[in-house]
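Welcome, and please take a look at the structure shown here. A short guided tour of it comes after.

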Number of protein chains: 2
Amino acid sequence: MALDRLKSVTQHFTGNTPPPHPFDPLSNAEIESAVSIIRKEHGKLHYNAITLKEPPKKEMLKWLENQKLPLPTRIADVVVIAPGGKVVDGWVNLQTGKIIKWESLDGVQPLITMEDLQIVEHVCRKDPKVIEQCVISGVPAEDMHKVFCDPWTIGYDHRFGSDVRLQQALMYYRPHIDDSQYSFPLDFCPIFDAGKREIIHIDIPEIRRPVSKAKPNNYHVDAIQKEGGYRKDTKPINITQPEGVSFKVEGRVIDWQNWKVHVGFNYKEGIVLNNITYNDKGTVRPIFYRLSLAEMVVPYGNPEHPHQRKHAFDLGEYGGGYMTNSLSLGCDCKGAIHYMDAAFVNRAGDSTTIKNAICIHEEDAGILFKHTDFRDDSCIVTRGRKLIISHIFTAANYEYCVYWIFHQDGTVQLEIKLTGILNTYAMNPGEDTKGWGTEVYPGVNAHNHQHLFCLRIDPNIDGPNNTIFQVDATPGAGAVGSKENPFGNAFYAERTKYTKVKQATSDYNGATSRTWDMCNTNKLNPYSHKPVSYKLVSREVPGLLPKEGSLVWKRAGFARHAVHVTQYDDKQLYPAGRHVPQTSGEPSKGMPEWIANGEASIENTDVVLWHTFGITHFPAPEDFPIMPAEPMTLLLRPRNFFVRNPALDVPPSYCSTPSQIAGKSQVLDAADKMSKLVVTGSGAECC
Amino acid sequence: MALDRLKSVTQHFTGNTPPPHPFDPLSNAEIESAVSIIRKEHGKLHYNAITLKEPPKKEMLKWLENQKLPLPTRIADVVVIAPGGKVVDGWVNLQTGKIIKWESLDGVQPLITMEDLQIVEHVCRKDPKVIEQCVISGVPAEDMHKVFCDPWTIGYDHRFGSDVRLQQALMYYRPHIDDSQYSFPLDFCPIFDAGKREIIHIDIPEIRRPVSKAKPNNYHVDAIQKEGGYRKDTKPINITQPEGVSFKVEGRVIDWQNWKVHVGFNYKEGIVLNNITYNDKGTVRPIFYRLSLAEMVVPYGNPEHPHQRKHAFDLGEYGGGYMTNSLSLGCDCKGAIHYMDAAFVNRAGDSTTIKNAICIHEEDAGILFKHTDFRDDSCIVTRGRKLIISHIFTAANYEYCVYWIFHQDGTVQLEIKLTGILNTYAMNPGEDTKGWGTEVYPGVNAHNHQHLFCLRIDPNIDGPNNTIFQVDATPGAGAVGSKENPFGNAFYAERTKYTKVKQATSDYNGATSRTWDMCNTNKLNPYSHKPVSYKLVSREVPGLLPKEGSLVWKRAGFARHAVHVTQYDDKQLYPAGRHVPQTSGEPSKGMPEWIANGEASIENTDVVLWHTFGITHFPAPEDFPIMPAEPMTLLLRPRNFFVRNPALDVPPSYCSTPSQIAGKSQVLDAADKMSKLVVTGSGAECC
């Protein structure tokens with residue numbers, strides 16, 4: 001069996017290297033192999049992406065069931081830009097060395113890579129028309145090396161369409177090399193043609209806003225030192241794990257506290273979690289086949305041209321994986337850390353690596369459960385632990401810290417922290433923001449915006465055939481005094497089964513504390529007689545504020561509703577389309593196509609739940625010049641999945657029973673002995 | 001000055017003891033002093049409560065402004081039950097030794113103390129009619145020592161009214177002394193008269209439900225050992241603070257990271273935070289005069305008699321302070337801990353102490369802010385810290401863990417974890433719960449319920465004259481293509497000023513991500529030109545599900561809406577009334593009285609914001625036999641209060657500037673050196 005697995009990958013792995021798990025991202029060697037196969041046939045190309053084409057789910061489920069079966073074929077999913085700007089989608093079979101798909105696409109633009117981004121600034125600095133606009137803005141022509149830009153995809157601009165690959169350059173000025181440029185936005189917006197490598201147009205506002213004369217607003221060491229220095233009263237908190245961590249790593253499979261999860265990664269979504277199972281007293285029960293952030297959109301709310309173009313799809317247009325930070329020990333993560341690297345292709349076709357792209361570590365999670373019996377003082381206190389699989393990506397100005405958190409009680413939590421720097425625009429002294437933004441610093445207008453994430457949940461609740469129910473907390477029928485509700489206190493969980501795709505297109509309802517249950521209706525909990533399920537509990541669910549028919553509404557079809565449910569389809573991974581830049585939204589790609597057949601059955605079959613959540617951000621000066629992390633979170637909680645609290649066997653810190661208290665006999669006292677009392681009044685000391 | 005302060009309290013403090021801060025809870029000595037003063041005049045009484053009567057706010061604000069002024073008078077607020085059951089509200093001036101108020105009340109019942117609770121079980125066990133019912137339920141008469149009850153206040157029952165002090169006994173059976181009784185609920189409900197000390201009635205359901213024959217469902221050590229024992233793969237996480245904590249303690253004032261807060265405590269609310277200020281670059285700015293959980297109610301949703309009576313007001317009917325746990329080092333809290341004790345009076349008039357009632361400690365808070373410039377790799381990572389002031393109280397079956405959390409970015413967070421054990425009721429094999437509850441274990445019906453907390457926020461945003469605005473994220477006016485919204489993307493924060501009490505009676509709106517701003521409209525942020533403010537961000541805001549006119553709707557007036565705003569009044573502390581047990585709700589006490597004059601102005605004056613939040617709980621077997629902690633949280637965030645991120649001077653873990661990167665010159669690297677890499681594959685080891 002082990003031989004079978006090895007045989008199928010001998011082409012790429014020799015000696016002691018184990019074959020990759022079918023969910024493993026492509027290795028550097030596999031990426032290089034794909035490039036070499038393509039190069040032989042097609043010569044020099046610009047590589048946009050090479051990533052794992054995940055095995056078909058049907059095949060993969062069989063393999064997961066019986067790992068003696070041959071390994072699914074390793075296939076590289078390739079996006080290249082051929083000379084002349086032609087975009088090609090290809091598949092390369094890494095076992096046979098054959099290109100099995102090579103499809104030229106028209107009117108399509110693949111995402112913008114970090115290399116694509118870097119070029120624009122250099123071109124802007126040399127462009128005479130950009131220099132002219134800088135001078136008009138108050139930046140001397142000889143200061144062009146102090147001019148910077150965040151090059152965004154253009155989103156979509158009807159004047160230019162989708163055939164020419166474009167970026168819009170959001171312009172900034174740095175008076176000094178170490179100043180934050182976001183305090184000095186410029187008011188015009190050059191448009192860059194990636195094919196010609198030149199600026200083809202500049203959007204110039206009717207009202208001009210010269211560069212701010214305010215003094216810089218910085219957050220680096222020198223700036224803080226000049227303002228009085230760092231606070232000195234923060235004493236260290238040391239977090240150590242002398243016996244190591246509680247998880248095991250086999251390849252990319254993490255085994256922790258009955259959980260098993262395969263940690264994947266790709267250039268678009270960043271972390272992908274596959275085949276999440278829970279060992280329930282010896283029975284390995286599948287829960288999710290795949291979890292990922294599949295897309296996001298950040299619409300800005302200023303109606304003035306050209307700000308309507310500001311609605312970045314940070315995953316589909318830039319790639320949450322491509323923009324991932326290389327994390328560092330003791331900064332981004334404390335404790336005992338396991339890192340994983342990420343492998344990509346660059347424009348030239350070389351493989352590249354982001355070291356420490358994924359951080360895996362444990363944290364204390366406070367009290368997991370506690371109870372004291374008031375009459376006899378018998379008591380249990382059990383502290384919890386969590387496993388955190390995280391990455392952080394920088395989307396130009398913003399940082400997104402993504403934490404996938406596993407709890408001992410069977411909960412999976414997704415926490416996202418937003419930090420980094422606000423996208424800013426120029427304003428004149430005394431200018432009215434008209435409510436579309438906030439003057440966070442003199443001359444700096446930070447526009448209202450939303451961060452709307454699309455969580456793709458592929459449930460596998462005791463098997464792939466699942467059904468989604470909408471659950472609303474609802475008062476019982478009957479008025480006060482009626483026979484069915486004599487005292488008026490009745491309430492219950494109203495459950496609406498989604499049988500067809502069209503029913504599942506649903507919004508959040510705060511008034512009913514709406515949740516969604518992913519159920520296996522073929523299996524009932526033996527005690528509650530309710531289907532085994534996981535519940536999506538999500539409370540940060542603003543609607544898309546831009547109106548129906550607006551550009552972002554058309555392009556971000558997934559964001560029109562909080563929940564969509566689709567029949568599983570291997571091809572449906574990206575809810576704003578596979579290639580997002582410069583889509584017009586006519587027709588709308590991704591989700592709107594997938595739900596077009598509203599009559600399709602989603603009952604007791606293999607389904608995917610797409611959940612749009614996030615926040616609406618009205619900036620304030622507190623968010624500047626760098627934003628304190630704003631957290632948001634959601635939970636996937638077991639409900640009627642286990643027969644009892646699955647964490648009862650987590651060792652307690654303290655446990656006593658009534659008979660032990662009465663008999664003064666030995667109780668369990670395993671309190672953490674490292675904890676200390678603070679000497680009252682002395683503050684800085686422990687006794 | 002110091003002499004003045006000392007002089008005014010010499011009656012109670014001698015030698016080196018400093019005088020109490022006016023917000024300090026009464027000490028044991030002060031409680032004993034109050035009792036001795038009352039005893040002289042009124043002889044033997046049953047004491048229900050003795051607590052600090054907080055000084056009038058007007059006087060207190062003056063004193064806080066100028067602490068050379070004489071200390072406000074120390075007054076004990078007293079509730080006693082005189083022979084014959086007469087309830088008296090009194091005030092004792094501890095400086096003069098005089099009783100300054102002694103008011104007999106009719107038809108009123110003060111809260112149920114732990115001593116009151118303990119009596120009922122003993123009476124039940126000896127009552128022939130209770131024994132008879134036990135036998136009917138399948139409990140042998142000789143097993144009455146195995147019968148237990150959680151005595152609740154009766155809530156309100158129209159058959160008995162408010163003049164007789166009553167408790168309802170929720171009955172349970174423990175086959176063995178160490179079994180959890182909540183797996184063996186009995187189906188009848190004795191009613192106890194506290195005056196007569198006897199059972200005066202038993203509510204017996206029409207359908208009888210004999211005690212369950214299921215095997216016990218326990219969570220203590222022996223039970224877990226028998227089922228295979230504890231998991232052994234959880235390695236320790238040590239949290240140590242070798243240089244001590246970052247906060248200073250002066251009396252009960254905590255000084256941490258620019259925050260100052262006085263930590264009070266009383267028998268009803270538990271922790272009370274007073275005079276919360278922030279030192280903003282040398283200017284001490286008031287933010288909140290007082291924060292506390294003022295009330296809560298837990299309505300249950302089963303319409304069958306007598307379950308409509310199950311709607312505990314855990315603070316007003318039992319006391320969050322009275323039920324507070326004595327916390328223990330390394331169990332409830334890890335790290336370097338400062339504890340505070342709580343002093344109370346017992347029934348006989350002796351002072352009592354709960355040791356370690358309040359825990360004060362710091363925790364690492366992960367990334368506070370981070371940004372990497374993609375073009376030059378300059379980067380800052382700053383880790384945050386939080387200060388947590390917490391207590392845990394046990395309300396019979398349930399545990400409430402209350403965490404008041406201070407952040408370095410100016411945010412105050414309230415986190416509550418619910419744990420403990422579900423309230424349970426008997427059910428017959430195969431019985432239908434009709435959706436009003438869940439069979440969490442054979443024979444155990446856990447009814448649907450809500451936990452609705454009332455947070456009392458007394459804002460003091462740069463002074464007491466504040467105004468509340470409702471803020472709704474709202475699309476801009478004008479259709480797509482209109483002049484004002486050409487692209488349809490406009491959105492803004494719609495602000496509704498609450499000028500009158502009646503306007504402020506408002507509900508949550510998830511669709512608009514509704515928040516509430518507490519503003520000082522007399523002071524504008526110099527950059528944004530918006531009023532300085534703190535924003536209430538709360539997303540767990542279910543409405544009260546019992547209907548208008550239901551008993552709990554009448555009694556818990558505060559819970560009818562998410563927000564009420566009142567003019568400040570020293571007398572208005574308890575939104576369900578001062579004495580909650582056995583209120584009929586006709587008329588409704590507390591909030592409905594306070595907002596009766598809807599025309600009262602709440603604009604630019606001293607106001608209090610009352611916020612009802614919480615969760616609706618539909619139980620599942622995972623919650624049993626002891627519930628994994630379910631967290632909920634809300635934030636009070638500075639908005640336009642500071643001119644910039646107030647945490648910029650928190651020492652970073654890493655900081656580099658573009659010039660340092662370019663010149664390869666020294667960057668700041670203060671990464672935590674205790675963090676370690678996990679050796680891949682080995683799991684349990686660090687290198």
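What follows is a walk from the contact between the chains to some single residues.

This is a predicted model, in which local features need pLDDT of at least 70 and side-chain atom pairs count only at pLDDT 80 or more, while totals for chains, interfaces and linings use all residues. Residues are numbered from 1 along each chain as its sequence is written, chains are lettered from A and ligands numbered from 1 in the order in which they are written, and side-chain values use heavy atoms, with hydrogens and water left out.

## Where the two chains meet

Let us begin with the contact between chain A and chain B. It takes 195 residues from chain A and 195 residues from chain B, where contact means heavy atoms within 4.5 Å. The area buried between the two chains is about 15,900 Å², and carbon and sulfur atoms give 56% of it. Buried area here is the accessible area (1.4 Å probe) that two parts lose on being put together, summed over both. On the chain A side, A:Arg231, A:Phe374 and A:Phe491 lose the most area to chain B, together 6% of what that side buries.

Charged side chains take part too. Between chain A and chain B there are 22 salt bridges, each being a side-chain nitrogen of Lys or Arg within 4 Å of a carboxyl oxygen of Asp or Glu. One of them links A:Arg644 with B:Glu227, whose closest N and O atoms are 2.9 Å apart.

Polar contacts between the chains are counted as 116 residue pairs, both residues at pLDDT 80 or more. A polar contact is a pair of N or O atoms within 3.5 Å; within protein, one must be able to donate a hydrogen and the other to accept it, and residues adjacent in sequence count only if both atoms are side-chain atoms.

Which strand of chain A gives the most to the side that touches chain B? That is strand E17 (residues 351–372), with 11 residues. Helices (H or I, at least four residues) and strands (E, at least two) are DSSP runs, numbered from the N terminus. The residues on this side of chain A divide into 92 nonpolar, 62 polar and 41 charged. In this sorting, Ala, Val, Leu, Ile, Met, Phe, Trp, Tyr, Cys and Pro count as nonpolar, Asp, Glu, Lys and Arg as charged, and the others, Gly among them, as polar.

Strands also pair across the two chains. Strand E34 (residues 676–677) of chain A and strand E16 (residues 336–345) of chain B run in the parallel sense over 2 bridges, and two strands pair if DSSP finds at least two bridges between them. Within this pairing, A:Lys676 has B:Ala336 as its bridge partner in E16(B).

## Backbone details in the loops

Some loops hold special backbone angles, gathered here.

| Residue | Backbone feature | Loop |
|---|---|---|
| A:Pro625 | cis peptide bond after A:Phe624, omega about 0° | between strands E30 (605–617) and E31 (627–639) of chain A |
| B:Pro587 | cis peptide bond after B:Glu586, omega near -5° | between strand E29 (563–567) and helix H9 (591–594) of chain B |
| A:Asp377 | positive phi, near 65° | between E17 and strand E18 (379–395) of chain A |
| A:Asp462 | positive phi, near 55° | between strands E24 (449–459) and E25 (465–475) of chain A |

Are the two Asp residues, A:Asp377 and A:Asp462, buried or exposed? A:Asp377 is exposed, with a relative accessible area of 52%, whereas A:Asp462 is buried at 18%. Buried means under 20% relative accessible area, exposed over 50%, and partly exposed in between (1.4 Å probe, protein chains only).

## Three buried residues

A:Asn485 sits in the loop between E25 and strand E26 (491–497) of chain A, and its relative accessible area is 0%. A polar atom of its side chain lies 3.1 Å from the backbone oxygen of A:Gly478, and one lies 3.2 Å from the backbone nitrogen of A:Ala490. Beyond its neighbours within four places in sequence, A:Asn485 is in contact with residues including B:Pro303 and B:Lys547.

B:Arg165 belongs to the loop between strand E5 (147–153) and strand E6 (166–173) of chain B. B:Arg165 is buried, at 9% relative accessible area. Its side chain makes a polar contact with the side chain of B:Gln109 (3.3 Å) and reaches the backbone oxygen of B:Leu111 at 2.7 Å.

Finally, A:Ile468 is in strand E25 of chain A and is buried, with 0% relative accessibility. Among the residues that A:Ile468 contacts, leaving aside neighbours within four places in sequence, are A:Trp516, A:Val565 and A:Leu609.
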